[in-house]
Amino acid sequence: MPPLDSDTRTVFLLAHTGRPAAIRSAELVVEGLLRNGLGVRVLAAEAEDLPLPDTVEVVAEPTPDVLDGCELLIVLGGDGTLLRGAEIARASGVPMLGVNLGRVGFLAEAERDDLDKVVDRVVGRSYEVEERMTLDVVVHSDGAVVHLDWALNEAAVQKVEPERMLEVVLEIDGRPVTGFGCDGIVCATPTGSTAYAFSAGGPVVWPEVEALLMVPIGAHALFAKPLVTSPESVLAVEVQHHTPHGVLWCDGRRAVELRPGARVEVRRGAVPVRLARLHHASFTDRLVAKFALPVAGWRGAPH
């Protein structure tokens, strides 16, 4: 299918087509956008699962330029699909609008029942864009840089052998903090504070707070508390030479082996991820809704 006319507003659609609900949701979004004169672009692998009209543009691979000419990336799915969308959107600077078809979906801005509203707001350009901090990750081994990566939620250093702990030393801003055996260490952004770091016992950090988090997983130590640092800090995890090899996971999607003696450095990312927002609801309300927190009996501040 040839590219759409350059004057046509174009939206890229990314969907978890392994779910029937996502296929039907994608159909509704495509129909709504096309009906209002917007162009739609999808990946070929997903187009095979979707009953799409011929006017939809199909591209073969998620290359760095796949969003060229697009004003928005709409993602339909759970947290994993939203993180896959972030991989595509980050380098281009195109905002990502997530529709949650999963369980929690903290990155999503809308739910499945909001599809008509999503289309109307996209057509009317009635949305705002906010930037979310990312992480730049560098892995050193034997004095050389062996891997470069990034993350929106977290970079997690984890053990590989279930029966043996990973021995690590933690460092912040070039100074050692503590060392212990553990199941792993999560280095997270405020956005990632409600993801893996939350499961590991870390604090919930409001997205507008600029900070980096370091959260131990299953540490065998008296001092193994979550740490919250300046956004300009450099966090480091050194895997000790006498310990088994570990693994680095970035956003739970990309993995690299960590040999004994490896060093993982994490700092604020140079390139943020841009999220499209439809609502002005506070993060507090989002937190209460996503986790179904009990707030019955709240009366509010006295007037």
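**Close-up 1. Strands β10 and β17 side by side.** Five bridges link strand β10 (residues 154-159) to β17, and the two run antiparallel. To find your bearings in this predicted model, look for alanine 156, whose bridge partner in β17 is tryptophan 249. Is β17 mostly open or largely enclosed? Four of the five residues of β17 (residues 246-250) are buried, so the strand is largely enclosed by the rest of the structure.

**Close-up 2. The other neighbour of β10 is strand β13.** β10 also pairs with β13 (residues 184-188), again in the antiparallel sense and over five bridges. A handy pair to pick out here is alanine 155 and cysteine 187, its bridge partner in β13.

**Close-up 3. The hairpin of β17 and β18.** Strand β18 (residues 254-258) pairs with β17 through five bridges, in the antiparallel sense. Within this pairing, valine 247 stands opposite glutamate 257 of β18. Three residues lie between the two strands of the hairpin, and aspartate 251 has a positive phi there, near 55°.

**Close-up 4. Arginine 253 in the loop between β17 and β18.** This arginine 253 sits in the loop that connects β17 and β18. How exposed is arginine 253? Its relative accessible area is 35%; because partly exposed covers values between 20% and 50%, arginine 253 counts as partly exposed. Setting aside residues up to four places away in sequence, arginine 253 touches Gly80, Leu83, Arg84 and Glu87. Arginine 84 is 169 residues away from arginine 253 along the chain, yet their C-alpha atoms are separated by 8.1 Å.

**Close-up 5. The whole sheet, strand by strand.** Stepping back, we find an open sheet of six strands in the order β15-β14-β13-β10-β17-β18, with antiparallel pairing. Which strands stand at the edges? They are β15 (227-229) and β18; each has a single partner strand, so one side of each is left without a neighbour in the sheet. From one strand to the next, the twist averages 15°. As a reminder for reading this view, strands of a sheet pair through backbone hydrogen bonds, either parallel or antiparallel.

**Close-up 6. Helix α4 and its two faces.** Now turn to helix α4 (residues 115-123), where Leu115, Val118, Val119 and Val122 are buried. Why do these buried residues line one face of the helix? Seen down the axis of α4, they fall within an arc of 95°, so they share one face. The face turned away from the buried side carries two exposed residues, Asp116 and Asp120. The buried residues of α4 have several packing partners: β1 (10-15), α1 (20-35), β4 (70-77), β5 (96-100) and β6 (110-111). Just beyond, α4 is followed by arginine 125, which has a positive phi near 50°.

**Close-up 7. Where α1 meets α4.** The axes of α1 and α4 come within 10 Å and cross at roughly 35°, and the crossing is right-handed. On the α1 side, the contact is made by Ser25, Leu28, Val29, Gly32 and Leu33. Helix α4 brings Leu115, Val119, Val122 and Val123 to the contact. What kinds of residues make up the contact of α1 with α4? Seven are nonpolar, two are polar and none is charged. Leu115, Val119 and Val122 may look familiar from the previous close-up, as they are among the buried residues of α4.

Methods:
Residues are numbered from 1 along each chain as its sequence is written. This is a predicted model: local features need pLDDT of at least 70, side-chain atom pairs count only at pLDDT 80 or more; totals for chains, interfaces and linings use all residues. Side-chain values use heavy atoms; hydrogens and water are left out. Buried means under 20% relative accessible area, exposed over 50%, partly exposed in between (1.4 Å probe, protein chains only). The arc is that of the directions from the helix axis to the C-beta atoms. Contact means heavy atoms within 4.5 Å. Two strands pair if DSSP finds at least two bridges between them. Axes are lines fitted to C-alpha atoms, for helices over the stretch in contact, and angles run from 0 to 180 degrees between N-to-C directions. A crossing is left-handed if the near helix is turned anticlockwise from the far one by less than a right angle, and right-handed if clockwise. Ala, Val, Leu, Ile, Met, Phe, Trp, Tyr, Cys and Pro count as nonpolar, Asp, Glu, Lys and Arg as charged, and the others, Gly among them, as polar.
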